[in-house]
Structure formats: C-alpha cells, structure tokens
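Biologist: Got a minute to go through this model with me? I'd like to start at the N-terminal end and then jump around a bit.

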Amino acid sequence: MLAAKIVDAVRRTIGDAQSLVLLHEPYLPPNSSQYVQECIDTGWVSSAGAYVTKFEKQLSEFTGSARAVAVVNGTAALQLCFQLAGVQRDDEILCPSLSFVATANAISHCGAVPHFIDVEPTRMTLCPEELEKRLSLIGRTENGRFVNRETGRRIAAVCPMHCLGHPADIQGILDVCNRFELPLVEDAAESLGSYCAGKHTGRFGLISAVSFNGNKILTTGGGGAILTEDATLADRAKHLSTTAKVAHPWEFYHDEVAYNYRLPNINAALGCAQLEVLSETIAAKRRIADAYAESFRTLEEVDFIQEPSGTTSNYWLNGFILRPKHASIRDEILHALNAANYQSRPLWQPIHTFPMYIHYPRGPLENTMSLCARTINIPSSSQLLTRLASR
Ligand SMILES: *Cc1c(COP(=O)(O)O)cnc(C)c1O
C-alpha cells in the first residue's frame with residue numbers, strides 16, 4: 001500500500017519510466033567535448049596544462065574560497081586536509097558514522113583513528129550538542145595535549161559532512177571546535193553549491209575537501225579539490241599533491257615525502273565545462289526537489305528531505321525518511337521503486353558497522369542507526385528537469 005503510494009508520488013513528479021531512471025547521472029554540457037578535444041589535439045592530457053589552473057581559479061570564484069587546489073579524488077583531498085590540519089599517526093578525529101566510507105578511510109590513510117559521533121535526528125549531519133557532550137565526557141588535557149582519557153590518543157580535529165548536499169549546523173559545530181581549540185575540517189564532498197547563511201560550505205573551517213566523482217553534482221571523471229582561505233596551507237597542499245618537487249626548469253629535487261595527487265589536465269577540462277553552467281545545474285536540481293516535495297506533501301508516512309532553514313542546498317541527492325513505524329517496509333519500498341524503473345537506494349551503512357571500523361571509539365549513535373534504517377534516495381539527475389517540463 002505505502003510502497004505503491006510512494007512509487008506513485010515519484011511517477012507523478014518525473015513521469016513514467018520505460019527504462020531505468022538512474023539515481024544520479026553526470027551532466028556533460030556541449031563545451032565538454034571541445035575542451036577535451038583541445039587537450040588531445042595539444043597533447044596536454046596529463047599532469048601539466050592550462051585547464052588545471054583555470055579549473056582551480058573558477059572553483060575559487062564559484063565558492064568564494066580564497067584558494068582551491070585540484071587533486072585526483074575527494075578521498076585524497078580529505079587526507080591532505082587532515083595532514084595540513086596537523087593530524088598525526090594515532091590521533092583521533094571526531095566524525096559522523098553516517099557518511100560515505102571515504103570520510104573514515106581518509107582518516108585511516110593518515111594513520112589516525114575515526115571517533116564516531118551521532119547526527120541530528122532530521123538534519124542527518126553531525127550534532128553539535130552530541131559533539132560537545134562527548135568532548136566534555138572523554139576529553140582531558142594532559143601535558144598540554146588534549147586527549148581521549150579512555151584511549152590516551154590525542155584528539156586532533158573535527159570533521160562534519162554536509163549530507164546529501166544539505167549543510168550541517170556548521171556554525172554550531174565551529175563554536176564547539178573553538179571552545180575546545182580543535183581545527184574544523186569539512187567533508188564538503190557532496191555540497192558544492194550549498195550555502196549556510198549565504199556562505200559556501202567548506203569555507204567555515206580551516207580547510208575542506210570537495211569531490212568530483214562520477215555521481216557527484218560536478219564530475220571530472222574522478223577528481224577532488226581542497227578549499228582554504230589560508231594561502232600558506234593552499235601552497236602546502238599544492239606542494240604535497242605534486243610530489244613536493246621544487247620548481248626548476250630541469251632539476252628533479254623533492255624536499256619531503258609527498259604524493260602524486262594532482263588532477264590531470266584532461267579531467268580538469270571536463271570540470272571547466274561544467275563549472276560554466278553549474279548555477280543552472282543547481283537551479284534545475286532545486287526545481288526537481290520542489291516538485292518532489294509537492295508530490296510527497298500529502299504522504300503522512302514519510303518526510304521528504306528538505307534544506308534546513310538558514311541554508312541553501314544543492315539538493316545533490318533527493319530522498320525521504322520513513323516515519324519510525326514504517327521502517328520495517330523499507331526494503332519492500334526499495335523493491336517497488338526499482339521494479340518501476342526508478343533507481344533507488346538506502347543511505348550508506350553506518351561506517352562503525354564495517355569490520356575495519358567496528359572497534360574504534362564512538363558515542364551513542366541512535367539517530368545514525370535510525371536514519372540509516374529509514375532513508376531512501378530517489379532519482380535526482382539535473383536532466384530530470386526536462387522530464388518535468390514535458391509533463
Ligand atoms: C564522494 C565522497 C567522498 C570521496 O570522494 P571520492 O572522490 O569518491 O574519493 C568523501 N566523502 C563523502 C561524504 C563523499 O560522498
């Protein structure tokens with residue numbers, strides 16, 4: 001019954017589906033082929049070329065961030081963010097368990113340990129009150145170091161994530177970070193084009209990471225970027241992501257252990273083409289979300305996920321949350337939606353339930369578990385706007 005009503009709400013919004021309507025497809029505007037062709041014609045397809053610089057400049061203009069450094073993917077971007085925030089081996093980083101696994105993987109790649117904190121019950125993002133409570137409970141200053149009294153590890157940073165594109169209560173989180181003198185690193189992988197109080201996500205903390213993976217709102221095939229207001233950190237990010245090579249016309253001199261994380265030029269070319277039309281892409285996604293919200297309005301059993309007040313979301317992935325008493329039929333609804341050719345998925349499984357993260361420290365995670373059991377994402381590509389318009 002409910003499953004049929006939900007399928008109907010999706011059908012009313014985006015029309016019949018003869019073939020599978022994907023959850024999220026890339027939008028590659030007409031200029032893409034011209035820019036990529038130019039890379040091929042000139043031979044500048046790899047680690048040097050003008051598109052990387054152009055892409056970084058356009059990104060910093062779009063987000064308002066003083067600097068943007070393009071890298072191979074969002075996970076690598078996040079790993080460098082932690083390293084640049086001073087995270088060291090055996091440190092702990094507070095982050096949500098309700099995220100894509102990459103948040104915790106990037107922490108592990110630094111040799112550090114994720115410490116999982118619950119999310120807000122409807123907002124799905126790191127809860128400032130839970131963060132504060134947990135830090136007060138387990139934090140203690142020992143020889144000038146702020147440590148977890150239960151594990152003895154240094155607490156080195158806080159990393160919230162802007163979930164499905166919807167901004168976290170980033171000011172609330174920042175206030176807690178400031179009180180405990182912890183650097184804020186934002187996982188803004190999903191939130192390019194999302195704002196809190198008019199300021200782009202990823203610009204509230206010390207440094208942040210964006211992803212341009214194939215399913216994100218802008219894709220370079222694979223790619224990511226580091227955003228920061230701090231020129232010194234941005235220069236360090238560039239240096240670390242380009243094998244720490246000291247600039248010289250012919251000498252190969254490297255002054256520290258570093259990474260080959262630079263985004264190739266041909267990927268940056270794809271990014272430039274999409275950045276030119278990103279405002280229109282986001283406007284399209286916001287209209288699709290409005291249309292879904294309207295169709296779901298009369299369904300009392302579910303809540304369509306909308307941007308928190310005081311924020312503007314890119315509505316990267318649309319979704320709805322089942323009221324608790326309907327949680328048991330989540331999979332029945334997933335079956336019905338997919339059978340009707342509307343590709344739909346639950347949220348990620350909580351990171352702390354994976355074998356490699358099961359033993360790491362965590363606070364209570366009730367909201368995380370509850371939201372994961374009740375949330376379903378539905379087709380969200382910007383191209384769906386043409387389906388909407390033709391109805
Ligand atoms: C996509 C994503 C990442 C990682 O990005 P990749 O480019 O796939 O490495 C990190 N965190 C979150 C929350 C993401 O959704």
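Biologist: How many residues does helix α1 have, and how far does it reach?
Modeller: Helix α1 covers residues 2-14, so numbered by DSSP runs from the N terminus (H or I, at least four residues, for helices; E, at least two, for strands). That helix has 13 residues and reaches 19 Å from first C-alpha to last, close to the 18 Å expected at 1.5 Å a residue, where the expected span is 1.5 Å times one less than the number of residues. Keep in mind that this is a predicted model: local features need pLDDT of at least 70, side-chain atom pairs count only at pLDDT 80 or more, and totals for chains, interfaces and linings use all residues. Residues are numbered from 1 along each chain as its sequence is written, and side-chain values use heavy atoms, with hydrogens and water left out.

Biologist: Which residues of α1 are buried?
Modeller: Leu2, Ala3, Ile6, Val7, Ala9, Val10, Thr13 and Ile14. Buried means under 20% relative accessible area, exposed over 50%, and partly exposed in between, with a 1.4 Å probe and protein chains only. Down the axis of α1, the buried residues fall within an arc of 155°, so they line one face of the helix; the arc is that of the directions from the helix axis to the C-beta atoms.

Biologist: And what covers them?
Modeller: The cover includes α10 (278-296), β14 (318-322) and α11 (330-339), among others.

Biologist: What follows α1?
Modeller: Gly15, with a positive phi near 90°.

Biologist: Switching topic: which residues other than glycine have a positive phi?
Modeller: Glu181 is one of them, with phi near 55°, and Tyr315 is another, at about 45°.

Biologist: Is each of those buried or exposed?
Modeller: Glu181, in the loop between α7 (170-179) and β7, is exposed at 71% relative accessible area. Tyr315, in the loop between β13 (311-312) and β14, counts as buried at 5%.

Biologist: What about Asp187, where does that sit?
Modeller: In strand β7, residues 185-187. Asp187 is buried yet has no salt bridge, meaning no Lys or Arg side-chain nitrogen within 4 Å of a carboxyl oxygen of Asp or Glu. The nearest side chain of opposite charge, Lys216, is 7.2 Å away.

Biologist: What is Asp187 in contact with, then?
Modeller: Beyond its neighbours within four places in sequence, its contacts (heavy atoms within 4.5 Å) include Leu78, Cys159, His162 and Ala209.

Key. Lys and Arg count as positive and Asp and Glu as negative; His and the chain ends are not counted.
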